[in-house]
Amino acid sequence: MEQQMPKLVRIERRESDLHLTYDDEQELTVSYHDLRHACPCAHCSPLRNEDETSLKLRSQVESFKLHKPSVNPVGHYALNFIWENGCSNGIFRFERIWDLANRRDPDGGKPYVHGAW
Amino acid sequence: MAESPITTHDPKNEGQGQGPVQASPQQNKEMEKNFAQMKRKMSMEEIGLKIKHKIMVLSGKGGVGKSTVSTGLALSLAQQGLKVGILDIDITGPNVPKMMGLDGHKLHVEGGRIHPAKGHLGVKVISMAFLLDDPDTPVVWRGPIKLGAIQQFIGDVEWGNLDYLIIDFPPGTSDEPLTVSQSLPNIDGMVIVTTPQAVALLDSRKSITFAASLKVPVLGVVENMSGYTINGVTAANTSVEIAGPGGKTIKSTSDENGNFSVTLDIFKKGGGKSTAEDFGVPFLGALPFDPGFVRGGDDGVHKIVSDPEGASSIAFSAIVKAVQAQISDKPSSSLEII
């Protein structure tokens with residue numbers, strides 16, 4: 001049975017990743033490369049549909065210099081990360097960040113056809 | 001029809017060895033109707049929880065581009081990867097489906113639930129247009145029938161989990177917004193669309209006052225058809241003069257490649273902003289006058305889809321960010337970011 005998502009209570013922006021603390025005391029990490037590769041915006045999402053374009057997106061995000069992003073809460077349900085370069089459009093729902101922190105595909109294996117869900 | 005759980009009894013007959021009195025067919029019909037309404041109300045409350053944000057889009061005057069703004073907001077949000085739906089509540093003149101490339105689409109009904117159509121970028125759409133056999137036939141309904149249809153469109157639709165539901169209304173301050181605001185819990189607020197001319201501004205001021213009477217917050221005012229930009233080429237570094245609206249001369253200078261552009265304020269300028277300031281509500285931004293919206297609407301391919309990097313898409317993106325900033329006023333206070 002899938003574990004219910006606990007509440008995210010703390011985000012520490014480290015040199016190369018986010019250190020996340022949840023209210024059930026779990027501490028997890030998401031690397032900036034993983035986060036940027038999983039951008040849910042309409043530009044980045046379709047690139048993950050094919051291995052070739054997905055790898056290209058991956059190498060592009062890995063080519064960016066590592067830096068701490070600005071983090072803006074979006075309502076009560078999501079976060080927006082602002083980067084110095086590349087795409088900052090994606091709104092990351094907490095469920096998406098939770099999936100990434102647990103090393104799961106946040107799109108559940110679904111291709112981007114009609115939106116990233 | 002499912003058996004009603006309601007039975008009747010007559011207290012006069014209690015203790016006289018007689019069973020419950022059977023309701024008359026008319027009473028049964030009434031009770032079934034009440035039961036269905038109760039189920040719908042419960043469903044509406046559940047839907048209210050599944051949809052994180054609900055935004056009403058209104059204008060006092062018709063023809064200001066309300067459906068264009070509604071679809072633009074929905075598509076711009078969907079571009080961020082969010083789950084979005086549009087409820088086209090304009091029962092007498094539904095045109096969202098055409099703009100979303102869903103002209104002629106018929107709704108799918110399964111298990112007594114209406115399943116929305118999916119338009120560009122996966123935006124879910126419900127519209128009265130889907131129920132019309134002939135697009136030339138007008139819908140002539142009195143208030144109570146309209147009210148029932150709206151409640152059905154909210155309570156009987158299988159929206160699933162959504163981040164945003166954009167609700168597009170007919171112009172004016174009549175039954176429809178009143179019904180929706182009373183039926184759908186936790187509406188985030190209203191976006192008021194206007195054009196810069198005085199008549200539209202006067203009506204948009206009524207909409208702002210109307211929002212206050214409904215106790216729905218105004219997220220802000222959008223000024224549509226704000227300015228039409230003409231691009232041209234002439235000799236490099238040359239002064240250019242264009243005769244603008246009202247005989248006003250608009251000056252520009254071409255760059256080193258000879259390119260110049262001037263913006264004509266066809267319907268005046270800045271009225272939306274001043275109206276917002278007068279009423280102390282946020283000004284969300286101005287959208288340029290873009291003939292591409294007309295072509296896109298007619299062809300069923302919205303400008304945001306056909307030209308995602310264009311000036312209008314950028315303007316919509318800025319408006320969406322301003323809307324989200326209004327909704328994000330109260331971020332998760334317990335989340336610490338360091």
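With its count of C-beta neighbours inside 10 Å, does B:K215 count as buried or exposed? Select B:K215 in this predicted model and the answer is exposed, because only 8 C-beta neighbours lie inside 10 Å, where a residue with 12 or fewer is classed that way. The residue sits in the loop of chain B that runs between helix α6 (198-214) and strand β9 (218-223). If you add B:I187 to the selection, you will find its C-alpha atom 9.9 Å from that of B:K215, although 28 residues separate the two in sequence.

Next, widen the view to chain B as a whole. Its secondary structure comprises ten helices and 15 strands, and 39% of its 338 residues are buried. Among the contacts in chain B with a sequence separation of 6 or more, 74% are between residues 24 or more positions apart.

From there, go to strand β7 of chain B (residues 162-168) and pick out B:I167, which belongs to this strand. B:I167 counts as buried because it has 27 C-beta neighbours inside 10 Å, the threshold for that class being 20 or more. Leaving aside residues up to four places away in sequence, B:I167 touches B:K54, B:I55, B:M56, B:V57, B:L87, B:I89 and B:V180. Keep the last of these on screen: B:V180 is 13 residues from B:I167 along the chain, and their C-alpha atoms are 9.0 Å apart.

B:V180 leads to helix α5 of chain B (residues 175-183), whose buried residues are B:E176, B:P177, B:V180 and B:S183. Looking along the axis, you will see that these four lie on the same side of α5(B), because they cover an arc of only 140° around it. As background, an α-helix has 3.6 residues a turn, so residues three or four places apart point the same way.

Finally, select the open sheet that takes strands from chains A and B: its four strands follow the order β3(A)-β2(A)-β1(A)-β15(B), with mixed pairing. The edges are formed by β3 (27-31) of chain A and β15 (336-337) of chain B, and each has a single partner strand, so one side of each has no neighbour in the sheet. Within the sheet, β2 of chain A (residues 17-22) pairs with β3(A) in the antiparallel sense over five bridges, and A:L20 has A:L28 in β3(A) as its bridge partner. To end the tour, add helix α3 of chain A (residues 94-101), which lies across β1 (8-13), β2 and β3 of chain A and runs at about 95° to β3(A).

Note on methods. Residues numbered from 1 in each chain as written. Chains lettered and ligands numbered in written order. Predicted model: local features only at pLDDT ≥ 70, side-chain atom pairs only at ≥ 80, totals over all residues. Helix = DSSP H or I, 4+ residues; strand = E, 2+ residues; numbered from the N terminus. Contact = placed C-beta atoms within 7 Å. Arc of directions from axis to C-beta. Pairing = 2+ DSSP bridges. Axes fitted to C-alpha atoms, helices over the stretch in contact; angles between N-to-C directions.
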